[in-house]
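This briefing covers two parts of one structure. Please look over the sequence and the model before reading the points below.

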Amino acid sequence: VLEFPLMPTQVFGRLQNHQTVKLLPLNGLNDSLLDEEISRGELSLVENWIPDRTTQGVLIKRPGITQKQSVTEATTGTIFDGNSKDYFTDDDSIFDLSDGAALDTGLTSSTLNDWASFNSKDIFVNGTDARSSSNGTTWGAVSNIPSSVKYIESYHRFLFAFGHSGATVRWSNPEDETTWDASNAWTLHTDPTDTAKGMIVFRDKLMVFFDKSFYHLEGYAEKRVAITYSNNNAGTTSHRSLVVAPEVGLFWWTKYGPAYSPDGFSVSYPGMKKIPKTLAGLNEAQYARVHGIWDPNEECVQWWVCNGTLTTEDLSIRYYPSYGVTEDGIGSFWVSNGDGAKMAASGVIEASLADTVYVGAAAAGSYVFSQTGATDDSSSIEAIVEMKRDSIIDDPDVTKKMKEIILRSTLSEAGGLGIVGIYWDDETVPSEIFSIPFESTGFQLDLSKLDVDSLAETQGEEVSIYPRERYKKVK
């Protein structure tokens with residue numbers, strides 16, 4: 001934990017008195033401006049830090065990853081909170097998330113997996129196969145569903161199918177996924193270049209997405225499902241990027257990066273305004289792979305993307321729509337890398353006591369992980385944060401001296417070692433390195449281990465370090 005409110009800064013300059021400046025990095029990354037031009041609450045670089053929303057101005061390392069189940073063959077395709085069980089898939093099989101048992105194997109290999117719970121069944125499609133189960137264990141084909149369906153969604157009393165025939169969307173008879181009246185269909189447009197991409201229910205509307213556009217369908221009666229709205233400028237690149245944030249709005253990934261709509265009508269692109277440099281460095285050719293979730297624990301949207309020329313995910317971008325909001329109404333972005341960001345699938349499993357984010361590694365033959373813990377599967381997480389440069393806002397001759405940085409440990413076991421390097425201005429090697437031993441454990445609640453010594457007696461340990469150098473920028 002890095003605590004910034006208690007970082008007094010003394011200013012030395014011509015005819016200036018000592019003053020204390022409290023640094024509150026609430027507004028996250030801003031790489032749209034020069035380092036000198038971002039606000040005092042923004043960061044010019046951030047890797048693997050996220051805000052502690054319970055304490056203003058405190059940053060904590062992002063959650064690590066902890067092994068849940070092995071994926072013995074290909075990479076993870078989907079993670080789904082079903083009606084009967086919780087599942088994950090690879091390219092040709094469905095597995096039980098709780099114990100890793102194979103439930104349905106030998107499916108056609110595909111990366112276009114999609115799920116829905118409908119009529120007390122869990123239903124899976126992949127563009128070729130359509131499978132369903134009423135108990136999570138016994139699986140069979142879904143009779144009469146449109147062949148080659150890629151996307152499905154449960155809406156009101158119907159199962160909707162999409163991606164099987166151009167711009168046509170179909171829906172089943174009420175409460176019956178095996179009967180599909182031929183008249184239960186809409187063809188939404190005739191542009192062959194605007195291909196089907198996915199569906200999601202938002203604000204009591206079924207939103208149907210294409211590459212370049214989206215449409216609203218509404219209705220409770222089988223023969224009165226109507227097209228009620230269309231937008232021809234804001235499609236999506238990936239059905240797995242569609243994310244509903246309760247009480248906030250709908251998010252999805254586009255060729256311009258993340259899109260946001262509070263109501264399903266108006267659309268804005270917060271990433272283009274705050275992190276255009278980060279977005280420019282991504283592999284746009286792999287935008288079909290982007291997947292995301294709403295993290296109810298952090299109250300943020302999280303997407304996984306491919307950086308540079310890579311063809312597998314290796315970067316995650318968190319967007320906090322209600323934390324660190326600037327005058328233009330945009331929330332804060334926080335970027336993470338390392339093993340915990342190399343994830344090909346994601347999903348949130350709801351439980352009575354807590355919701356857990358699960359992720360599946362982009363490497364074949366790896367694991368499904370829970371997004372928990374202080375390390376990336378026993379590998380340490382290196383975190384970097386870089387402040388704004390003050391040489392323009394202050395006088396060019398003014399330098400500052402940081403008096404104190406407070407580090408707080410909330411280790412589950414005593415004896416941990418924290419390594420902190422301080423970089424002054426644009427140095428590429430640390431000017432000072434501090435190795436801090438933490439001798440006491442911190443308060444840690446693990447709901448799965450309440451039976452044995454899980455609650456530490458102390459509230460963690462604070463250690464102060466005292467840098468000695470003057471600076472214009474700190475990393």
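Two strands are said to pair if DSSP finds at least two bridges between them. The model is predicted. With that term in hand, the first topic is strand 31 with its two partners, and the second is a serine in a loop, Ser110.

**Strand 31 and its partners**

- Strand 31 covers residues 356–361, and 5 of its 6 residues are buried, so the rest of the structure largely encloses this strand.
- Strand 30, made of residues 343–349, pairs with strand 31 in the antiparallel sense, over 6 bridges.
- These two strands, 30 and 31, form a hairpin, with 6 residues between them.
- Strand 31 also pairs in the antiparallel sense with strand 32 (residues 367–370), here over 3 bridges.
- Strand 31 and strand 32 form a hairpin as well, with 5 residues between the strands, and Gly365 in this hairpin has a positive phi near 70 degrees.

**Gly360 in strand 31**

- Gly360 of strand 31 stands opposite Ala345.
- In strand 32, Val368 is the bridge partner of Gly360.

**Ser110**

- The loop that holds Ser110 runs between strand 10 (102–104) and strand 11 (114–118).
- Ser110 has a relative accessibility of 14%, and buried means under 20%, so Ser110 counts as buried.
- Leaving aside residues up to four places away in sequence, Ser110 touches Asp91 and Asn126.
- A polar atom of the Ser110 side chain lies 2.8 Å from the backbone oxygen of Asn126.

Methods: Residues numbered from 1 in each chain as written. Predicted model: local features only at pLDDT ≥ 70, side-chain atom pairs only at ≥ 80, totals over all residues. Heavy atoms only, no water. Buried < 20%, exposed > 50% of the residue type's maximum accessible area, 1.4 Å probe, protein only. Helix = DSSP H or I, 4+ residues; strand = E, 2+ residues; numbered from the N terminus. Polar contact = N/O pair within 3.5 Å; in protein donor to acceptor, adjacent residues only side chain to side chain. Contact = heavy atoms within 4.5 Å.
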